[in-house]
Amino acid sequence: MARTLAMFTDTSLCIGCRACQVACKQWNELGAEVPDWTGTYQNHTHFTDKTFRLVRFIEEPGGKPNGDLAWLLMSDVCKHCADAGCLNACPTGAIYRTEHGTVHINQDVCNGCRYCVSACPFGVVSFNEQTGTASKCSFCNDRIHNGLGPACAKACPTESIQFGFRDELVARAQQRVEALKTMGFKNAQLYGADSRGFLGGLNAFFLLLSRPSVYGLPESPKLPQKNIVMDSLLSVGSALLVGIGALVAFRGRGGKEQ
Amino acid sequence: MGLLQSPHWPFLIDVYFFLGGLAGGAFVIATVASILNARRHREVVRVGYYVALAALIPCPLILIVDLGVPSRFLNMLMRFNVDSPMSMGAWALLGFSVCAFLAALFTLLEDLGRARDLARVKLVVGVIGAGFGFFLAAYPGVLLGATARPLWIESRSLGALFLAVGASTGAATIALILIAMGRRAADQVAGVRAMTVLALIIQIAALAVFVGSVQSSGSAASTSALRLLTDGRFAAVFWGGAIAVGSVLPLVLGLVALKKRSFGLTALTSLLVLIGGFLVKYVIMAAGQV
């Protein structure tokens with residue numbers, strides 16, 4: 001495998017312009033969304049088959065260092081998890097890991113079973129009714145294989161979205177957190193940068209100015225497939241009980257000896 | 001956790017989970033009965049293998065129709081992915097289909113008097129098929145447990161529960177058919193009558209573990225998903241349908257029927273078990289996908 005590529009989204013630099021969202025739609029030829037009145041700047045709330053980058057607008061009372069309301073912005077995207085629930089769940093092999101460490105859905109193989117949709121801890125994978133397949137951010141698979149960065153990172157005017165080698169980006173992100181903390185952002189933290197942390201680390205990781213749950217992110221997402229061993233053991237136990245039950249039920253009961 | 005997406009598996013998938021479990025359960029029961037005494041339990045074995053095939057036939061069709069791209073259904077068999085219960089389930093369905101077809105075919109040949117000592121090969125098919133049958137009944141529960149859906153991810157016993165429901169509904173179906181066959185099979189009802197009761201006990205225990213494991217998970221999203229079942233909009237179906245009328249009442253009636261050897265009561269019990277078994281799977285699917 002080549003050196004792992006990553007995207008680092010520094011939410012402290014995001015100005016909410018949605019250039020990333022538009023660039024993503026243009027490059028990937030994704031359609032428009034029906035506007036959604038939520039009472040905030042948040043215009044439609046979920047990833048869909050037409051939205052792979054989604055800017056989140058979050059109001060956090062008392063979130064600023066001086067106690068004022070913090071207006072948090074975050075350009076959200078598929079995390080390209082090192083241990084990816086969607087990839088593990090895929091029964092066809094349509095979802096695979098590229099040599100750059102990103103997670104990609106092969107649209108020519110996916111048969112639309114939707115298991116990956118249910119297995120994503122972040123609600124990223126979406127079902128496309130038109131093609132009948134699962135869809136999500138591809139890390140601009142075509143672009144990175146031709147020496148270009150992802151369209152969103154290219155379009156970002158403030159370098160809130162940075163693209164590069166993962167190890168370099170993590171080092172840069174750690175420096176940035178320290179700098180923000182000295183500026184008074186005491187809740188500044190990295191999300192998914194630690195490759196020993198949850199899901200083996202995220203190849204699209206974030207710098208957040210508050211707790212992950214404020215952004216609607218799970219504090220410590222769990223790999224769904226971790227449950228398989230325990231659930232299977234209990235199933236085997238149940239099978240043994242049913243088997244023994246059947247032996248008891250049919251032993252010497254019913255029928256006549258012929 | 002409000003940002004999770006639902007797979008929106010339709011009602012038909014609930015039907016598949018029900019039929020697949022029923023087929024696996026009926027097959028396992030037929031095999032155990034034939035191992036113990038194939039002649040003595042002749043009608044149980046016959047009916048069990050026929051029921052298994054009949055319940056199985058719609059299953060692959062349902063799964064194919066539900067796909068986003070049905071013409072690519074064979075892609076399910078391009079990969080053997082032990083991390084994906086759906087992949088393992090697709091393989092188990094294939095293996096079980098072969099065994100269920102052969103077992104029913106051998107039974108038919110015996111019925112037609114064309115069989116020349118098929119007993120041994122039928123037993124081999126029965127034992128292998130019973131392994132697949134267990135798997136087919138249980139894997140949908142393990143599949144649900146290996147998702148990020150809050151109701152399912154913290155539950156530990158869905159596989160065990162679905163397997164028990166497969167056994168209870170399989171036994172109940174065989175019992176109903178034996179009763180409908182009248183005098184010819186009347187002396188064979190006792191075994192499946194007892195089987196239904198034992199499977200119901202496992203089913204109720206697994207339901208309790210399901211509720212308990214989600215409740216004690218400490219995950220706010222999961223416990224609030226569970227409240228949809230316990231006192232939300234699915235509460236009536238869950239408590240009234242799946243548990244009271246579908247599990248506890250047939251257990252009580254089944255115990256009485258066991259004592260009184262009543263056919264009428266056994267038929268009523270079996271009917272309730274079938275309704276209850278379906279509701280258990282339906283309500284867990286529906287509440288898990290909200």
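How many residues of chain B are in contact with chain A, and how many residues of chain A do they meet? Before selecting anything, keep in mind that this is a predicted model. With both chains shown, 61 residues of chain B are in contact with 57 residues of chain A.

**The side of chain B that touches chain A**

Select helix H1 (11–37), helix H4 (85–111), helix H5 (119–145), helix H7 (158–180) and helix H8 (189–215) of chain B, which are the elements that give two or more residues to the side that touches chain A. Among these, H8(B) gives the most, with nine residues. If you then colour this side of chain B by residue class, you will find 37 nonpolar, 16 polar and eight charged residues.

**Chain B as a whole**

Hide chain A for the moment and look at chain B alone, which has eleven helices and zero strands. The radius of gyration of chain B is 19 Å, close to the 19 Å that the globule rule gives for 290 residues, so chain B is as compact as a globular protein of that length. Along the principal axes, its C-alpha trace spans about 60 × 50 × 25 Å. Colouring by burial marks 57% of the 290 residues of chain B as buried, and among the contacts in chain B between residues at least 6 apart in sequence, 75% join residues at least 24 apart.

**Helix H1 and B:Leu19**

An example of such a sequence-distant pairing begins at B:Leu19, which lies in helix H1 of chain B. B:Leu19 is buried, with 21 other C-beta atoms within 10 Å, where 20 or more are needed for that label. Leaving aside residues up to four places away in sequence, B:Leu19 touches B:Ala55, B:Pro58 and B:Cys59. Draw a distance between the C-alpha atoms of B:Leu19 and B:Pro58, and it should read 8.1 Å, although the two residues are 39 residues apart in sequence.

**Helix H5**

Move on to H5(B), whose 27 residues reach 39 Å from the first C-alpha to the last, close to the 39 Å expected at 1.5 Å a residue. Where along this helix should you look for a kink? Centre the view on B:Ala138, where a kink of about 40 degrees lies shortly before the proline B:Pro140. Of the 27 residues of H5(B), 19 are buried, so this helix is largely enclosed by the rest of the structure.

**Helix H7**

Next select H7(B), whose 23 residues should span 33 Å at 1.5 Å a residue, and whose end C-alpha atoms are 32 Å apart, which agrees. H7(B) is mostly covered, with 21 of its 23 residues buried. Following the chain past the helix brings you to B:Gly182, whose phi is positive, near 75 degrees.

**Helix H9**

Helix H9 (residues 220–230) of chain B is best viewed down its axis, with the buried residues B:Ser222, B:Ala225, B:Leu226 and B:Leu229 shown as sticks. They cover an arc of only 100 degrees around the axis, which puts them on the same side of H9(B). To see what covers these buried residues, add helix H6 (150–153), H8, helix H10 (235–260) and helix H11 (263–288) of chain B, which are included in the cover.

**Chain A**

Now bring chain A back, which has seven helices and ten strands. The radius of gyration of chain A is 23 Å, well over the 18 Å that the globule rule gives for 258 residues, so chain A is more spread out than a compact globule. Its C-alpha atoms fill a box of roughly 90 × 45 × 45 Å, taken along the principal axes. In chain A, buried residues make up 46% of the 258 residues, and residues 24 or more positions apart account for 60% of the contacts with a separation of 6 or more.

**Two loop residues in chain A**

For the last stop, select A:Glu29, found in the loop between helix H1 (19–28) and strand E2 (54–60) of chain A. A:Glu29 has a positive phi of about 55 degrees although it is not a glycine. Then select A:His80, placed in the loop between strand E3 (70–76) and helix H2 (85–89) of chain A. The phi of A:His80 is also positive, near 45 degrees, in a residue other than glycine. Which of the labels, buried or exposed, belongs to A:His80? With 29 C-beta neighbours inside 10 Å, A:His80 counts as buried, whereas A:Glu29, with 7 C-beta neighbours inside 10 Å, counts as exposed.

Notes: Residues numbered from 1 in each chain as written. Chains lettered and ligands numbered in written order. Predicted model: local features only at pLDDT ≥ 70, side-chain atom pairs only at ≥ 80, totals over all residues. Contact = placed C-beta atoms within 7 Å. Helix = DSSP H or I, 4+ residues; strand = E, 2+ residues; numbered from the N terminus. Nonpolar A, V, L, I, M, F, W, Y, C, P; charged D, E, K, R; others polar. Expected span 1.5 Å × (residues − 1). Bend = angle between axes of the 7 residues up to and from the residue. Buried ≥ 20, exposed ≤ 12 C-beta atoms within 10 Å, placed from the backbone. Arc of directions from axis to C-beta. Rg over C-alpha atoms; globule rule 2.2 N^0.38 Å.
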